[in-house]
Number of protein chains: 2
Amino acid sequence: MTASHRPRQVADLGIVDGLVQLSFLVQGILGRVADAHDLTLQQTRLLGVLRDRELGMAQLSGVLDLDKSSTTGLVTRAERRGLVRRTAVPEDLRAVRVVLTAQGKRLAEEFAADVALRLNEAAADLTETNRARLSRLASQVVHHHADRQGIDLTAGTSASSRARH
Amino acid sequence: MTASHRPRQVADLGIVDGLVQLSFLVQGILGRVADAHDLTLQQTRLLGVLRDRELGMAQLSGVLDLDKSSTTGLVTRAERRGLVRRTAVPEDLRAVRVVLTAQGKRLAEEFAADVALRLNEAAADLTETNRARLSRLASQVVHHHADRQGIDLTAGTSASSRARH
DNA sequence: CAAAGTAGTTGGTGGCACGTACTAACAGCG
DNA sequence: CGCTGTTAGTACGTGCCACCAACTACTTTG
C-alpha cells in the first residue's frame, strides 16, 4: 500500500496496448461513475451532448454515431427516466427536438464533475508537465482522427457536424 | 468556421475531455475491428485473456471484472461460435477450464494484428517522440491505477485481489 | 400534384450485464 | 461416517443497448 517512493519507472506497454488499456480504464471509470448516479453509460453520453444544445433525433444519431432506431430507444428510455423531453418543432411537423429536463441538467453537471474528479485522480500520479503532455497528445490524436473522418468518409451516417446549426 | 486544412496546432481539450474522447476513439476502433472479424467487443476481450492461459470461470470473471453469471453467458455464446471450449478439470469435478479453439486462436491473432494496425494509424500523425511519450504516459496511468486497485495486470495471476464493490 | 426524400418509430434479433436462486462437489469437523 | 458450510458454475428473469428492415407521416422538388 505505502511503499511508493516517487513516480517509479514503469513498464512501457507500447502504444497499442497502452492506448487499449487506458481506454478500458477510462471507460471503466465512466461506467462506475455513471452507475453511482444511477445512469447508464449511454445515457451520460446523451446528457453530455445535450448539455449545451438541443438536437433532433437524426442529429443525435450523428453525434453519438448510432443508428436512428438506437437513438429512438435511448431517448425513449431517458425520457421515461425523466432525463430528457421530446419537444415539437413548429417548422417541421415530423421533427422532434430533444432537450434536457431540469433533472437531466442537474445529473449532467454532477456526472461531469464526478468524472473530472476521478480522472484527475487517475492522472494524479503524473507530474504537472506530464499531465499537460498527455492532455495535449490525447487531443492531437482525437483531432487528427476527427479530421481524417471528416475528410475521408463523406458517405453514410454523420458528416461530423459540429458547426452546423 | 475553420479552414479544413489540418492545423498543426490543435485545441487542447484538457486532461479530462482528452482522456474521455480518446477512450471513445479507441473503443470505437476496437469495436469496428471486432465487427470486421465478426466478433463482439467482449468476445475479443475473452480471446485476448485466453491467448496465453487457460482459466476457470471464476478467474475469468475476475480478470474481465464481470459477474460470474455474465461470464457464463459470454463463454456460452463464444462456445456456440466455436471460439472457446469448456474442458473438465480432473482434480475438481465442479470446475471448468476455458480454452481457445484453433479458430479462437486464429481470430485472436488476427484481431490483435488488425488492432495494432489501426491504432498505429490513429497515432501516425504524432512524431516518433510523441508516440513514445504517449505510450509511456498511458502506461504510467494504467500502472498507477492498477497499483492503487491492487490488480495484477501482468500474466498468470491467481485472480487473488478482486473485491471491487 | 406525384415522386422522392427526410424525420422518426416499430418490431424482431442478438448481445451483454446484473441479481437471485439453484445444483453439485469439495473441505472440515464432530 | 455424516453434517455443515463453502466454492464452481449454471439457469432464469429483467433491462439496456445495437442493429436491420419495414413502416408512417410530413416536406421538398421536378
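**Exercise 1. How many residues does the contact take from chain A and from chain B?** Work out what the chain A side is made of, too.

*Solution.* One thing before we start: the model is predicted.

Step 1. Count each side: the contact uses 42 residues from chain A and 42 residues from chain B.

Step 2. Assign the chain A side to elements. Those giving two or more residues to the side that touches chain B are α1 (14-36), α5 (102-122) and α6 (128-152) of chain A.

Step 3. Pick the top contributor, which is α6(A), with 16 residues.

Step 4. Sort by class. The side of chain A that touches chain B holds 23 nonpolar, 13 polar and 6 charged residues.

**Exercise 2. Take A:Leu19 and decide whether A:Leu19 is buried or exposed.** Then find what A:Leu19 touches.

*Solution.* Step 1. Locate the residue: A:Leu19 belongs to helix α1 of chain A.

Step 2. Apply the cut-off, which calls a residue buried if 20 or more other C-beta atoms lie within 10 Å of its own. A:Leu19 has 29 C-beta neighbours inside 10 Å, so A:Leu19 counts as buried.

Step 3. List contacts, setting aside neighbours within four places in sequence. What remains for A:Leu19 is B:Val26, B:Leu119 and B:Ala138.

Step 4. Check a pair within chain A. A:Leu19 and A:Arg136 sit 117 residues apart in sequence, and their C-alpha atoms are 15 Å apart in space.

**Exercise 3. Describe how α3(A) and α4(A) pack, and say which residues meet.**

*Solution.* Step 1. Recall the descriptors: a pair of packed helices is characterised by the angle between the axes and the distance between them.

Step 2. Read off both values. For α3(A) and α4(A), the angle is about 105° and the axes are 9 Å apart.

Step 3. Classify. Angles of 65 to 115 degrees count as roughly perpendicular, and α3(A) and α4(A) are therefore roughly perpendicular to each other.

Step 4. Name the partners. From α3(A) come A:Met57, A:Ala58, A:Leu60, A:Ser61 and A:Leu64, and they meet A:Lys68, A:Thr71, A:Thr72 and A:Val75 of α4(A).

Step 5. Class them: the residues of this contact split into 5 nonpolar, 3 polar and 1 charged.

**Exercise 4. Set out the surfaces near DNA strand C and DNA strand D, one after the other.**

*Solution.* Step 1. Start with DNA strand C, which has 23 residues around it; A:Gly56, A:Ser69, B:Thr40, B:Asp67 and B:Ser69 are the closest.

Step 2. Map them to elements. α3 (57-64) and α4 (68-80) of chain A, plus α2 (41-50) and α4 (68-80) of chain B, each supply at least two residues. α4(B) gives the most to this surface, with 5 residues.

Step 3. Move to DNA strand D. Out of 23 residues around this strand, A:Thr40, A:Asp67, A:Ser69, B:Gly56 and B:Ser69 come nearest.

Step 4. Map again. Here α2 (41-50) and α4 of chain A, with α3 (57-64) and α4 of chain B, each supply at least two residues. α4(A) gives the most, with 5 residues.

Step 5. Tabulate the classes.

| Surface | Nonpolar | Polar | Charged |
|---|---|---|---|
| near DNA strand C | 7 | 9 | 7 |
| near DNA strand D | 7 | 9 | 7 |

**Exercise 5. Which residues of α2(B) are buried, and what do they pack against?**

*Solution.* Step 1. List the buried residues of α2(B): B:Gln43, B:Thr44, B:Arg45, B:Leu46, B:Leu47 and B:Leu50.

Step 2. Find their partners. These buried residues pack against α1 (14-36), α3, α4, β1 (84-88), β2 (96-100) and α5 (102-122) of chain B.

Definitions and conventions: Residues are numbered from 1 along each chain as its sequence is written. Chains are lettered from A and ligands numbered from 1 in the order in which they are written. This is a predicted model: local features need pLDDT of at least 70, side-chain atom pairs count only at pLDDT 80 or more; totals for chains, interfaces and linings use all residues. A residue is near a molecule or strand if its C-beta atom, placed from the backbone, lies within 6 Å of it. Helices (H or I, at least four residues) and strands (E, at least two) are DSSP runs, numbered from the N terminus. Ala, Val, Leu, Ile, Met, Phe, Trp, Tyr, Cys and Pro count as nonpolar, Asp, Glu, Lys and Arg as charged, and the others, Gly among them, as polar. Axes are lines fitted to C-alpha atoms, for helices over the stretch in contact, and angles run from 0 to 180 degrees between N-to-C directions. Angles under 35 degrees count as roughly parallel, over 145 as roughly antiparallel, 65 to 115 as roughly perpendicular and the rest as oblique. Two residues are in contact if their C-beta atoms, placed from the backbone, lie within 7 Å. A residue is buried if 20 or more other C-beta atoms lie within 10 Å of its own, exposed if 12 or fewer, and partly exposed in between; C-beta atoms are placed from the backbone.
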